[in-house]
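Me: Got a model I'd like to go through with you. Can we take it piece by piece?

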Amino acid sequence: IDSTSEVYHVQEVEDKQYELIFGDGIMGKKLSSGNIIRIVYLVTKGTNEANDIGINDREGARTFSITSVSGGRTKNAVVVVTPSAGGESVETIRSVKFNAPKFFQTQNRAITADDYETLVRKDFPNIDAMAVWGGEENDPPQYGKVFLAIKPKSGTKLSLEDKASITKSILKEKTIVGLSVEIADPDITYVKISTNVLYDDNATALTIPRIEKLVTNRIKLYGQLNLDQFSEPLYYSQLCKDIDATTSSILSNFTRINLEKRIEPVVSTEANFTLKYENAFHHPHDGHKSIVKSTSFSYNDEDGMKYNICSLIDDGNGTIQIVYMLDGKQRVLIPDIGSINYTSGIISLINFAPTSIVNNTLKIQVVPMRYDVDTSNRTILSLDENDVSSIKVVVEKLSERGTTIGSSNVQGY
């Protein structure tokens with residue numbers, strides 16, 4: 001750059017504003033009196049508009065080809081396979097004040113768990129939740145390793161490219177010699193909430209559909225404020241209190257909670273799955289009715305005959321079975337496809353090989369022993385707002401019932 005270079009610089013100033021700096025006649029050409037400056041720039045619409053661009057495009061609409069080819073070059077096509085993600089608003093003053101001391105403390109090296117989290121968050125902002133633990137704390141232990149579990153702001157897990165970028169570009173030169181870094185997908189347990197609400201219809205002009213909507217939004221807000229982070233449990237009494245506080249006309253609520261795990265088996269391929277719910281299951285006695293249910297899938301019997309609408313249940317004695325419906329009755333197709341430990345909250349599937357699954361994802365739901373749901377520092381409780389079955393609200397009028405319903409922790413399954 002010399003005194004004739006037509007360059008300028010952009011830098012951030014106070015109050016999230018930006019300024020243009022032109023040359024001074026030595027480093028860059030100096031402006032003269034009377035010069036007209038025309039500035040053209042893009043204005044974004046924020047993270048809600050920037051992320052997930054292209055997610056609803058048809059397959060053909062995401063393919064772009066070179067229209068003219070010269071010099072004997074081969075015609076190429078670019079296919080957009082992943083919607084945009086990772087967009088982030090400018091960092092707030094509060095965030096800067098919180099993170100700056102942590103950045104300074106790390107001294108650009110990864111030694112403690114806090115160091116790893118600070119360094120990754122600094123250079124990879126697309127993080128909604130993160131947990132770090134040493135290999136000696138892993139199950140089973142893997143010495144010489146550091147594990148990171150990261151939930152991105154969009155989706156539930158990082159792509160292979162993002163994982164490689166973090167381990168190689170951000171942490172490789174900052175990790176202690178002899179340690180390797182492995183990024184694991186977060187272990188997510190989905191919460192299913194069903195509530196019966198009793199309200200005094202003489203104390204409000206609100207209609208039942210309106211109260212249902214208000215309660216649903218209140219439950220969603222509870223999830224946004226209290227869940228979707230590592231080590232964040234669900235407290236039943238707080239949830240019930242929030243529901244009661246939706247409107248002053250609500251007298252009481254009876255709320256039930258189920259837990260759900262999701263797996264993506266490869267169809268027609270035998271595989272083993274271990275699902276850790278980290279909470280004991282409702283099991284008052286041996287032989288109790290099933291507290292397990294799943295979405296439907298198809299399965300072949302031992303003779304190769306295909307059954308299209310199958311599901312998982314437990315037999316009340318620690319065995320997981322595959323059942324199907326015939327003439328309105330439930331029949332057992334596979335009497336033993338795995339086991340369930342009611343005390344430790346673990347379901348194991350052995351040589352499980354469905355032939356087809358709706359949306360490629362199998363959802364397995366259980367009833368917990370307690371409605372206070374615990375979680376570990378490597379597990380996230382999540383209320384999936386995109387799943388319409390995550391929240392169920394039934395509203396009853398006091399004038400049509402005459403008695404109140406309790407909000408005690410009673411099993412309703």
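Me: How many bridges join S5 to strand S6, and do they run parallel or antiparallel?

Reply: Six bridges join S5 to S6 (residues 145-151), and the two run antiparallel. This is a predicted model, where local features need pLDDT of at least 70, side-chain atom pairs count only at pLDDT 80 or more, and totals for chains, interfaces and linings use all residues. Residues are numbered from 1 along each chain as its sequence is written, and side-chain values use heavy atoms, with hydrogens and water left out. Strands (E, at least two residues) and helices (H or I, at least four) are DSSP runs, numbered from the N terminus.

Me: Which residue stands opposite Trp133 in S6, and what is the bridge partner of Met130?

Reply: Trp133 faces Phe147. Met130 has Ile150 as its bridge partner.

Me: What is the strand order of the sheet?

Reply: S5-S6-S7, an open sheet of three strands with mixed pairing. Pairing takes at least two DSSP bridges between two strands. The edge strands are S5 (129-134) and S7 (180-184), each pairing on one side only.

Me: Which helices pack on the sheet?

Reply: Helix H3 (residues 113-123) touches S5, S6 and S7, and its direction makes about 145 degrees with that of S5. Helix H4 (residues 160-171) touches S6 and S7, at about 150 degrees to the direction of S7. Axes are lines fitted to C-alpha atoms, for helices over the stretch in contact; angles run from 0 to 180 degrees between N-to-C directions. Contact means heavy atoms within 4.5 Å.

Me: Why is S5 called largely enclosed?

Reply: Six of its six residues are buried, so the rest of the structure largely encloses S5. Buried is under 20% relative accessible area, exposed over 50%, partly exposed in between (1.4 Å probe, protein chains only). Ala129, Ala131 and Trp133 sit on one side, with Met130, Val132 and Gly134 on the other.

Me: New topic. Which residues have the most contacts inside the largest nonpolar core?

Reply: Tyr299, Leu312, Ile322, Ile347, Leu349, Phe352 and Ile364, in a core of 53 residues. A nonpolar core is a set of buried Ala, Val, Leu, Ile, Met, Phe, Trp, Tyr and Cys residues joined through side-chain atoms within 4.5 Å. A second, separate core has 16 residues, including Met130 and Leu148.

Me: And Ser294: where is its place, and is it buried or exposed?

Reply: Ser294 is in strand S11 (residues 292-294). Ser294 is buried, at 18% relative accessible area. A polar atom of its side chain lies 2.9 Å from the backbone nitrogen of Leu312.

Methods. A polar contact is a pair of N or O atoms within 3.5 Å; within protein, one must be able to donate a hydrogen and the other to accept it, and residues adjacent in sequence count only if both atoms are side-chain atoms.
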